Amino acid sequence: MNPTDRTTPSVNGESPVFDQERAEKAVRELLLACGEDPDRDGLLETPARVARAYREMFAGLYTEPDHVLDRTFDEAHEELVLVTDIPMFSTCEHHLLSFHGVAHIGYIPNEHGKVTGLSKLARLVDLYAKRPQVQERLTSQVADALMRKLEPRGAIVVVEAEHLCMAMRGIRKPGARTTTSAVRGLLQSSASSRAEALDLIKGRR
Ligand SMILES: Nc1nc2c(ncn2[C@@H]2O[C@H](COP(=O)(O)OP(=O)(O)OP(=O)(O)O)[C@@H](O)[C@H]2O)c(=O)[nH]1
Ligand SMILES: [Zn+2]
């Protein structure tokens, strides 16, 4: 893929690739640094497993998320389209621990009714989540991708998540939930459009 087509910065001018061997060595080093014996039976396969897990958790570095919105179709619908409670798992870039919860994604199609398949909204959040992230950036990246690819009249993304780095270590506040939102276009400029979307998000179930 041409690095200029990517939403992720290139590394030394190249698109990022996953180096399984290097990742395995790094995990082995980490185990050694922690005082473990990576050659004991239970840990023998661990570096390879952890490396594969990271390749999966960071899949959004190697696949351009925006491409999931390449295929659109026209539908005579110029009102809000909103998908709520999309399960989301991401990895905080500060501690490489999971933050997870739900995403709500909505947009108001443009006057041509340019819409995308509903599953693609979930695929979009999935791929942006599969990177080393902070919740604020994840939220805006999804909203910006919608604006770029669907050219809608407006877009809204709300993410609610629990951060394991706040739950299992450090401040240790399990259950604390962070909500971030990104609104663009009409959903930013029109208080009534935004209120409609937020009411639907709050009043779901
Ligand atoms: N804004 C934001 N902060 C995050 C996110 N994920 C983790 N953090 C925070 O990143 C901060 C990193 O703070 P540091 O002081 O550098 O690291 P630390 O000593 O491990 O901090 P503590 O977690 O407070 O123990 C912490 O306050 C985390 O809660 C996120 O998605 N967004
Ligand atoms: Zn963290």
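Which residues does Val-157 touch, not counting residues up to four places away in sequence? In this predicted model, the answer is Ala-103, Ile-105, Thr-139, Val-142, Ala-143, Ser-181 and Ala-182. Val-157 also belongs to the largest nonpolar core, where it is among the residues with the most contacts. The points below set out the overall layout, then the core, the sheet, the ligand shell and one residue of helix 7.

**Overall layout**

- The protein contains seven helices and seven strands.
- Their order along the sequence is α-α-β-β-β-β-α-β-α-β-α-β-α-α.
- The C-alpha trace spans about 60 × 40 × 25 Å along its principal axes.
- Of the 205 residues in the protein, 27% are buried.
- Contacts between residues at least 6 apart in sequence join residues at least 24 apart in 70% of cases.

**Two domains**

- Domain 1 covers residues 3–61, and domain 2 covers residues 70–202.
- A distance of 27 Å separates the C-alpha centres of domain 1 and domain 2.
- Where the domains meet, seven residues of domain 1 are in contact with eight residues of domain 2.
- The side of domain 1 that touches domain 2 has four nonpolar and three polar residues, and no charged ones.

**The nonpolar core**

- The largest nonpolar core is made of 30 residues.
- Leu-124, Val-125, Val-142 and Val-157 have the most contacts inside this core.
- Three strands and a helix that each give two or more residues to the core are strand 2 (81–92), strand 3 (98–108), strand 6 (154–163) and helix 3 (118–129).
- Helix 4 and strand 7 (178–185) also give two or more residues each.
- Two of the residues with the most contacts in the core, Val-142 and Val-157, touch each other.

**The five-stranded sheet**

- Five strands form an open sheet in the order 5-2-3-6-7, and their pairing is mixed.
- Strand 5 and strand 7 each have a single partner strand, so one side of each is left without a neighbour in the sheet.
- Strand 2 pairs with strand 3 in the antiparallel sense, over nine bridges.
- Within strand 3, Gly-106 is the residue that stands opposite Leu-82.
- The hairpin of strand 2 and strand 3 has five residues between the strands, and Leu-96 takes a positive phi near 55 degrees there.
- Strand 2 also runs parallel to strand 5 (residues 132–133), to which two bridges join it.
- Thr-91 stands opposite Pro-132 of strand 5, while Cys-92 has Gln-133 of that strand as its bridge partner.

**The shell around ligand 1**

- The residues around ligand 1 are Cys-92, His-94, Val-134, Gln-135, Glu-136, His-163, Cys-165, Met-166, Gly-170 and Ile-171.
- Helix 4 (135–150) and helix 5 (164–167) are the elements that give two or more residues to this shell.
- By class, the shell has five nonpolar residues, four polar residues and one charged residue.
- Cys-92 is found in this shell and also has a bridge partner in strand 5.
- Helix 4 contributes both to the shell around ligand 1 and to the largest nonpolar core.

**Glu-196 in helix 7**

- Helix 7 consists of residues 191–202 and includes Glu-196.
- Glu-196 counts as partly exposed because it has 18 C-beta neighbours inside 10 Å, where 20 or more would make a residue buried.
- Glu-196 and Leu-80 are 116 residues apart along the chain, and their C-alpha atoms are separated by 9.0 Å.

Key
Residues numbered from 1 in each chain as written. Chains lettered and ligands numbered in written order. Predicted model: local features only at pLDDT ≥ 70, side-chain atom pairs only at ≥ 80, totals over all residues. Near = placed C-beta within 6 Å. Helix = DSSP H or I, 4+ residues; strand = E, 2+ residues; numbered from the N terminus. Nonpolar A, V, L, I, M, F, W, Y, C, P; charged D, E, K, R; others polar. Buried ≥ 20, exposed ≤ 12 C-beta atoms within 10 Å, placed from the backbone. Contact = placed C-beta atoms within 7 Å. Core = buried A, V, L, I, M, F, W, Y, C linked by C-beta atoms within 7 Å. Domains from an automatic or database assignment. Pairing = 2+ DSSP bridges.
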